[in-house]
Amino acid sequence: MSQLDTLLQKIEDKTYTIGIVGLGYVGLPLMWTFHQNDMPVLGFDIDEKKVDNLKTGTPYIKHLGTEMMQTLATSDIADATTDFSRLDEADAILMCVPTPLDHHREPDMSYVEKTTETVSKYLRKGQLVILESTTWPGTTEELMIPILEKNSGLKAGTDFYVAYSPEREDPGNPNFNTAKIPKVVGGHGEEALKLATAMYDTAIVQTVPVSDCKTAEAVKLTENIFRSVNIALVNELKVVYEAMDIDVHEVLDAADTKPFGFMKFTPGPGLGGHCIPIDPFYLTWKAREFERHTRFIELAGEVNTNMPTYVVDRTMHALNTHKKAMNGSKVLVIGLAYKPDVDDMCESPTFKIFDLLKAKGAEIAYYDPYIPEIWETREHAEYTGMQTVDWNKETVSGFDAVVISTNHSSIDYAELAVWSECVVDTRNAMNGIEHKGKNHIFKA
Ligand code: SAJ
């Protein structure tokens, strides 16, 4: 029996051990999904706390509850470790590590490089190495395989297998968990593709094989560039229609009645999250190597990045309407999370709104039921320890203006309309709520 057939048989027999490196909001649900389909899983992370939490069944990612953690902790086909020498126990190694931008907004591949170096130290014949992190087309073949081959002396495609399969996690999405999201897979050669799709098919509703790794890398970037460019479009329309005294939300809702050829996006205060503000620039960076320009992507980035400035200008206009200067005014920003009903403040535009308000002399505070206190971050250290205000009439009415930056569904906007005379609404959260007109609610 060939090496490939032996491995395919192990997958069928569910004795194929799946190693997952990086137990964050991508790796942990992936570990759970394979485990739920009786596949042996072995989690790896450099963060001892994550591994300890997995061993004790203590949740550390809010939307992934206690039941999952306790099941993994007591299962005899699941384990977690910081000891990377145990990588040789895994038949497949799935890398789910961060791919952020550096200070120059260029790809920071350090996590992928370091992890690939580590994997290469323990690489053995027959193993399948898969990158799931979002990255530029060519990463798997041009960056990872040379490291894996150099340090192990093994040959990709014959001795060991390599594939790329982009994560499509949408943290907290009640309708789509890992098992229900089709999995795009690109292999370094036919055998790698066959092995990777057979492995994912044990746990995920559908695999979508494509020609090669760089095609699969391009698919994920395309999905998120599509979002970034369309969000920028509606943000630009918001600014134009506001000047014409046209309600962009009414326009978009009416356009959305078209049963084909239109997909509604919603204007906001800018872009946050782990993916959309970052992923498009992975293509921009790689395109330069081919002397190609991504003007759409960069223009969309500019429009989205400028939205906090537009919001603060509109806040200045709102205060001015109430004969108040921004300088010395007290401004409450509602919503620190980067999108509604999540507790994640990654790249939240609210931080930029804070900076701009403070620069104009405003006294700022925030209210967010999901984020009681701002934890330490690299980029926004000055706000560490800041705590949400309480939600009550006395507190809210004490502010000269209230800016709705993230419209959590748990917030009572009708109460807000009674408690505040000056609301700057970036999310159409006040739509349909009784108020005193244009000098009370300002669209931004
Ligand atoms: N946003 C808008 N208007 C919109 C949609 C989003 O202003 O119409 C803003 C959000 O407020 C947020 C940012 O854009 O600040 C990103 O929002 P998102 O809805 O794209 O949510 P993310 O960042 O969690 O994106 C993830 C992505 N998932 C992966 O990359 C695997 C994305 O591909 C998903 O499409 C998205 O979730 C989703 O659909 O929820």
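Start by selecting the ligand and the 17 residues around it (each with a heavy atom within 4 Å of it); Asp170, Asn224, Arg227, Thr266 and Tyr338 come nearest. Keep in mind that this is a predicted model, where local features need pLDDT of at least 70, side-chain atom pairs count only at pLDDT 80 or more, and totals for chains, interfaces and linings use all residues. Numbering runs from 1 along each chain as its sequence is written, and side-chain values use heavy atoms, with hydrogens and water left out.

Now colour that shell by class: you get 6 nonpolar, 3 polar and 8 charged residues. Here Ala, Val, Leu, Ile, Met, Phe, Trp, Tyr, Cys and Pro count as nonpolar, Asp, Glu, Lys and Arg as charged, and the others, Gly among them, as polar.

Next, show the backbone for some polar contacts (pairs of N or O atoms within 3.5 Å). Pick Thr266: a polar backbone atom there is 2.6 Å from a ligand nitrogen. Over at Glu169, a backbone N or O atom lies 3.4 Å from a nitrogen of the ligand. Then click Tyr338, where a polar backbone atom sits 2.7 Å from a ligand oxygen. Turn on the surface, too: the protein covers 86% of the 730 Å² of accessible area that the ligand has on its own (Shrake-Rupley, 1.4 Å probe).

Zoom out and colour domain 1 (3–210) and domain 2 (233–443), bounds that come from an automatic or database domain assignment. Their centres, taken over C-alpha atoms, are 35 Å apart. For the contact (heavy atoms within 4.5 Å), select 16 residues from domain 1 and 15 from domain 2. Finally, go back to the ligand: its shell draws at least three residues from each domain.

Terms used. Polar contact = N/O pair within 3.5 Å; in protein donor to acceptor, adjacent residues only side chain to side chain.
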